[in-house]
There are 2 protein chains.
Amino acid sequence: MSKLFKQVDVFTSEKFKGNPVAVFFNGETLSTEEMQAIANWTNLSETTFVLPATVPEADYQLRIFTTGRELPFAGHPTIGSCHAVLEAGLVRPRNGQVTQQCGAGLVQLLVDESSGNIKFKLPYYKHTTIDDEPLIEEVAESLGMQRDGIKSIVLVEDGPHWLTLELSSAQDVLNVTPNYGQIDKLSNNGFIGYSLFGQYPDGSYEARNLFIENSLGVEDPVCGSGAGADASLLAELYGFQGDLVIKQGRKLRRDGHISVTVKEQSNNDNRYSIYVGGNAITCVDGKW
Amino acid sequence: MSKLFKQVDVFTSEKFKGNPVAVFFNGETLSTEEMQAIANWTNLSETTFVLPATVPEADYQLRIFTTGRELPFAGHPTIGSCHAVLEAGLVRPRNGQVTQQCGAGLVQLLVDESSGNIKFKLPYYKHTTIDDEPLIEEVAESLGMQRDGIKSIVLVEDGPHWLTLELSSAQDVLNVTPNYGQIDKLSNNGFIGYSLFGQYPDGSYEARNLFIENSLGVEDPVCGSGAGADASLLAELYGFQGDLVIKQGRKLRRDGHISVTVKEQSNNDNRYSIYVGGNAITCVDGKW
């Protein structure tokens, strides 16, 4: 055991309150099958493997796995792994930036060394309007809620395909009781799960991300791509710009804080650029 | 971060093929609430905390948590944590034995230093016959199988309360497709989940343990108390004695091997003593 390992907590400054990612260094010593087996074993929503970059623009390469499959990109594993390579001294920010090579291409990360906040620009988002009322009724039923509790509903692809649902309030989000069997059936409509969010009286949001993994219902403790999907809905439907705070994890004994910035500017084909960020803290530091 | 941490793989000699347990040393620095929060965060079926023993007969004290609650005793966490304290040099076997203090009392562990095999004696078991045919029909339905595929069914309490089901073959065990919503409802009958097992043509067994945790369906990769429950059924119903091998985890990309020994001798109020054992290997070695 001479290769670095870190289990990093993301979207929190307080240990054990965020979303953990297991980061295995020297991923180049493993086959894809071995990486998948390890990610299945850690039982975390995501496990990453750090490898040397293969292009000069990148500081490191990252491969990201859920317990069941490889992802081209994911939010909290990216922030946690960037924190890990910085902490290990493997990488230093250049002008406050770090470039991660991953399945989705090169991802720019903005690193605020004083606060520890790390932000990524959502690579892209794509919206598909959902206007199939019987489907929306079924979605509401699968969440144990009434149809009229859904304020807006859009299929957002930003890596994962999230059926993104704005509910009437943060409390409504916390009250949701998912029927995962029904969610599993409905996911044949082209989404991997639900990204639910609703506003608190103070203007911040509460979010939850529910999906199926290996035939089992899973709730992600704090989800970066989900927060990006939520923010893109606020931007595209209501013209929201600026900063917002999305809290997540209260139903799972966590206290995640995601800071999102929305700017109106071209980001590939999108009208808005969306930056998703947060703090990260190493909880386990070791070797594998 | 100066306290030891190990993530140990149990019921395997090959890394990432068994059932992981996260072992946090110096548990005396944490409150019960903090332990529960950490166990929730690791997302493993069990997380343990090593503390100094409070009685002279014990070598160390162990507290065992699932993501949702504390357990008085559990099999794979006990074997993995014993492996961890031995590897860390915190404890040395005395005459091949280590004594663990835990919620269920003092547990004797037999350590074979040459093979690395660690066995515990099941503290007790209690059988309740299940003869409610409509319930058995519903149980079969919740497993996606026919009633006549169940060879025997007994409620076994050996710490957890397992509804223990012998199926017609190992293949039948692998073919089971659980409906966790239905299992959740049926568990009101006094069990936490199902311990399924069935025989291979070579005489060994395949097992699966299915339960509900935090309202979600969970399959335990390799389960010591489940194997103990299975063996107790074979002993009490058929008078089985001797050694048997229970394999587990194939549906979850693992390859667990549990070695069980059944001896006819008084073990508290039980006619048979049941020893459950296996190998363990440290996959992550660090600090927390």
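## Close-up views of a two-chain model

**View 1. Strands E13 and E14 of chain A form a hairpin.** Two residues lie between E13(A) and E14(A). In this turn, Asn214(A) has a positive phi of about 50°. The structure shown here and in every view is a predicted model. E13(A) covers residues 205-213, and five bridges join E13(A) to E14(A). The two strands run antiparallel. Pick out one bridge: Phe211(A) has Val218(A) in E14(A) as its partner. Is strand E14(A) largely enclosed or not? Four of the five residues in E14(A), which spans 216-220, are buried, so the rest of the structure largely encloses this strand.

**View 2. Helix H1 of chain A leads to Asn43(A).** H1(A) spans residues 32-42. Its buried residues are Met35(A), Gln36(A), Ile38(A), Ala39(A), Asn40(A), Trp41(A) and Thr42(A). In an α-helix there are 3.6 residues a turn, so residues three or four places apart point the same way. What follows just after H1(A)? There, Asn43(A) takes a positive phi of about 65°. Asn43(A) does this although it is not a glycine. Asn43(A) sits in the loop between H1 and strand E3 (47-51) of chain A. Asn43(A) is partly exposed, with a relative accessible area of 32%.

**View 3. Asn43(B) lies in a loop of chain B.** This loop runs between helix H1 (32-42) and strand E3 (47-51) of chain B. Asn43(B) is not a glycine, yet its phi is positive, about 65°. Is Asn43(B) buried or partly exposed? Asn43(B) is partly exposed, and its relative accessible area is 31%.

**View 4. Domain 1 and domain 2 of chain A are in contact.** The domain assignment of chain A gives domain 1 as 4-122 + 279-287 and domain 2 as 126-272. Their C-alpha centres lie 24 Å apart. How many residues are in contact? Domain 1 contributes 19 residues, and domain 2 contributes 20. The two domains bury about 1600 Å² between them, 47% of it on carbon and sulfur atoms. In domain 1 of chain A, Phe11(A), Lys17(A) and Leu122(A) lose the most area to domain 2. Together these three account for 36% of what that side buries.

**View 5. The largest nonpolar core has 52 residues.** Which members touch the most others? They are Tyr60(A) and Val260(A). Helix H6 of chain A (residues 224-238) gives this core its largest share, six residues. Domain 1 and domain 2 of chain A each supply at least three residues to this core. Another core, of 51 residues, lies apart from it. Its members include Cys82(B), Val156(B), Phe197(B) and Leu233(B).

**View 6. A two-fold axis relates chain A and chain B.** A rotation of 180° superposes chain A on chain B, with 0.0 Å of shift along the axis and an RMSD of 0.0 Å. That is the relation of a two-fold axis. Which C-alpha of chain A is nearest the axis? That of Gly286(A) is, at 1.8 Å from the axis. Both copies use the same surface: 100% of the contact residues of chain A recur in chain B.

**View 7. Chain A and chain B bury about 2800 Å² between them.** Carbon and sulfur atoms hold 60% of that area. Across this interface, 34 residues of chain A are in contact with 34 residues of chain B. Phe16(A), Trp41(A) and Arg253(A) supply 30% of the area that chain A buries against chain B, more than any other three residues.

Methods:
Residues numbered from 1 in each chain as written. Chains lettered and ligands numbered in written order. Predicted model: local features only at pLDDT ≥ 70, side-chain atom pairs only at ≥ 80, totals over all residues. Heavy atoms only, no water. Buried < 20%, exposed > 50% of the residue type's maximum accessible area, 1.4 Å probe, protein only. Core = buried A, V, L, I, M, F, W, Y, C linked by side-chain atoms within 4.5 Å. Domains from an automatic or database assignment. Least-squares fit on C-alpha atoms with pLDDT ≥ 70 in both. Contact = heavy atoms within 4.5 Å. Pairing = 2+ DSSP bridges. Buried area = accessible area lost by both parts, 1.4 Å probe.
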